[in-house]
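Thanks for making time this morning. I would like to walk through one structure with you, beginning with its open spaces and ending with its aromatic rings, so please keep the view in front of you as I talk.

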Amino acid sequence: MRSILDIASENGIKVVWDIHAFMGGSSNGTYTGVWPSAPQFWQANFNIGNTSTPLTEAGIWVVEALIKWVEEGLSREQRNAIAGLCLMNEPAHLSVGEGWAEQDKMLDWVGRATDLFRWSTLPQTGMKLYINVVETAFKNMNEGFEQTFPSWWTEHTTADERSSWAVIDRHKYWTWEPECNGCDEQGADGQPVCAWTCDTPRGEVEEHLRGCITRWRDRFGALFPDGLRAVSEFSAGTWRHGPTACRDLDLTRSYFQMQVDAFTEIGIEPFFWNWKMPYGPIFQTGWSLKAILGTEAEGLPGQCGGDAGGEAEGPPEVQWKRA
């Protein structure tokens, strides 16, 4: 981790440490460390000697250790390379109706973790806390999120904190949105399973995507009208199944740019997921920023599928904004 910060510092790059995997698994997915087993973080205990302690408490110890490491364990240059911390990625993601996490317990933990950052020296240094939540952890999903979290947010943070270090952070992938995704996959009845197909005229596709992005963006702004906001994960993937997703690079570059423009237009800080995936060429045009920028080498040793060799295309017309 220090080496990453050294490289970032030397190249003028800022890092957000986003903790994805907690003991026992704090969400559901392949990155949790326990998949395909059910996550246990929110309900199980562990033993130290003859003492039984909740895993959620161990998670708080991790947060405390991370904050202390940033405060005391780094050089000034390393610390200056950190833009912020996200103390848990997508807490209780996909827990609705599964019985291994409760909405209120999740929010209580997020509140405790937020307090630890608040009471540290980090807010005074200009470092930010990205407080990430996901709709799949709330009763009734999107509706439950909207009914619960905006009020929780204003109750647990002040206007001054929201304008200085407390960032409301969300993730958005339209690849899982039935009204917005695109693919060449057909259902049992032979009809497309997505909102549009990859051979739909480009103008129609872009108009459709722009509407999806703008509606969600505007709703985000309405729910959280003040303070710092981020989308720390988004992609240009059109469909969750790589072989039938739309992989035209001109389309995914346009899709990428539409999202960046829409988010930054109202002050939402965007982070593309992810930087590269050199050994998954079928996913690159939607999920690799290097591929979208035209800087990913092709035909790397060990690639799974795809054509080898050839030159990467030149970079697209992309506008970048520095904070």
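Before I give any volume, let me fix one term: a pocket here is an open set of grid points with protein on both sides within 12 Å along at least five of seven lines. Please also keep in mind throughout that what you are looking at is a predicted model.

With that term in hand, the largest pocket holds about 2,200 Å³ of space. Its lining is made up of 50 residues, and those nearest the centre are Ile13, Lys14, Glu269, Pro270 and Phe271. Sorted by class, that lining contains 27 nonpolar, twelve polar and eleven charged residues.

The second largest pocket has a volume of about 1,100 Å³, and of the 39 residues that line this pocket, His93, Val134, His171, Tyr173 and Trp176 lie nearest its centre. Two or more residues of this lining come from each of α5 (141–156), β6 and α7 (202–223), with α7 giving the largest share, namely six residues. By class, the lining of the second largest pocket divides into 19 nonpolar, nine polar and eleven charged residues.

Let me turn to the sheet. In what order do the six strands of the open sheet run? The order is β1-β4-β5-β6-β9-β10, and the pairing is parallel. At the edges we find β1 (15–18) and β10 (268–272), each of which pairs on one side only. On average, and with direction ignored, neighbouring strands of this sheet are turned by 25° against each other.

I would like to stay for a moment with strand β5, residues 128–132. On one side, β5 pairs in the parallel sense with strand β4, residues 82–86, over two bridges, and here Lys128 in β5 is the bridge partner of Gly84. β5 also pairs with strand β6, residues 166–171, again in the parallel sense, over four bridges. Within that pairing, Leu129 has Ala166 in β6 as its bridge partner, while Tyr130 stands opposite Val167 in β6. Why do we call β5 largely enclosed by the rest of the structure? Four of its five residues are buried, so the description follows from the burial of the strand itself.

Residues of β5 appear again when we look at the closed spaces, since the structure holds two cavities of 30 Å³ or more. The largest cavity has a volume of about 90 Å³, and its lining includes Leu129, Tyr130, Ile131 and Asn132, together with Trp109, Val110, Ala113 and Thr114, among others. Both α4 (103–118) and β5 supply at least two residues each to this lining. The lining of the largest cavity divides into ten nonpolar and two polar residues, with no charged ones.

The second largest cavity has a volume of about 70 Å³, and of the 14 residues that line this cavity, the closest to its centre are Ala245, Ile282, Phe283, Gly286 and Trp287. Helix α9, residues 284–287, contributes the largest share of that lining, three residues. Here the division is seven nonpolar, six polar and one charged.

That brings me to the rings, of which the structure holds 27 aromatic pairs. In one of them, the ring centres of Phe41 and Trp109 are 6.0 Å apart and the planes stand at 80°, so the pair counts as edge-to-face. This pair links distant parts of the chain, with Phe41 in the loop between β1 and β2 (45–48) and Trp109 in helix α4, 68 residues apart. Both Phe41 and Trp109 are buried, and Trp109 is also one of the residues that line the largest cavity.

A further pair, also edge-to-face, is formed by Phe256 and Phe272, at 5.6 Å centre to centre and 75° between the planes. Because Phe256 lies in helix α8, residues 249–265, and Phe272 in strand β10, this pair ties together parts that are 16 residues apart in sequence. Phe256 and Phe272 are both buried.

I will close with a residue in a loop, Gly99, which has its place between β4 and α4. Is Gly99 buried or exposed? With a relative accessibility of 61%, Gly99 counts as exposed. Measuring from C-alpha to C-alpha, Gly99 and Asn140 lie 14 Å apart in space, and they are 41 residues apart in sequence.

Note on methods
Residues are numbered from 1 along each chain as its sequence is written. This is a predicted model: local features need pLDDT of at least 70, side-chain atom pairs count only at pLDDT 80 or more; totals for chains, interfaces and linings use all residues. Side-chain values use heavy atoms; hydrogens and water are left out. Buried means under 20% relative accessible area, exposed over 50%, partly exposed in between (1.4 Å probe, protein chains only). Two strands pair if DSSP finds at least two bridges between them. On a 1 Å grid over the protein atoms alone, a cavity is a set of points where a 1.4 Å probe fits but cannot get out, and a pocket is an open set with protein on both sides within 12 Å along at least five of seven lines; lining residues have an atom within 4 Å of a point. Grid points are joined across faces, edges and corners, and a volume is the space filled by probe spheres set on the points. Ala, Val, Leu, Ile, Met, Phe, Trp, Tyr, Cys and Pro count as nonpolar, Asp, Glu, Lys and Arg as charged, and the others, Gly among them, as polar. Axes are lines fitted to C-alpha atoms, for helices over the stretch in contact, and angles run from 0 to 180 degrees between N-to-C directions. Rings of Phe, Tyr and Trp (its six-membered ring) pair if their centres lie within 6.5 Å; planes under 30 degrees apart count as stacked, over 60 as edge-to-face and the rest as tilted.
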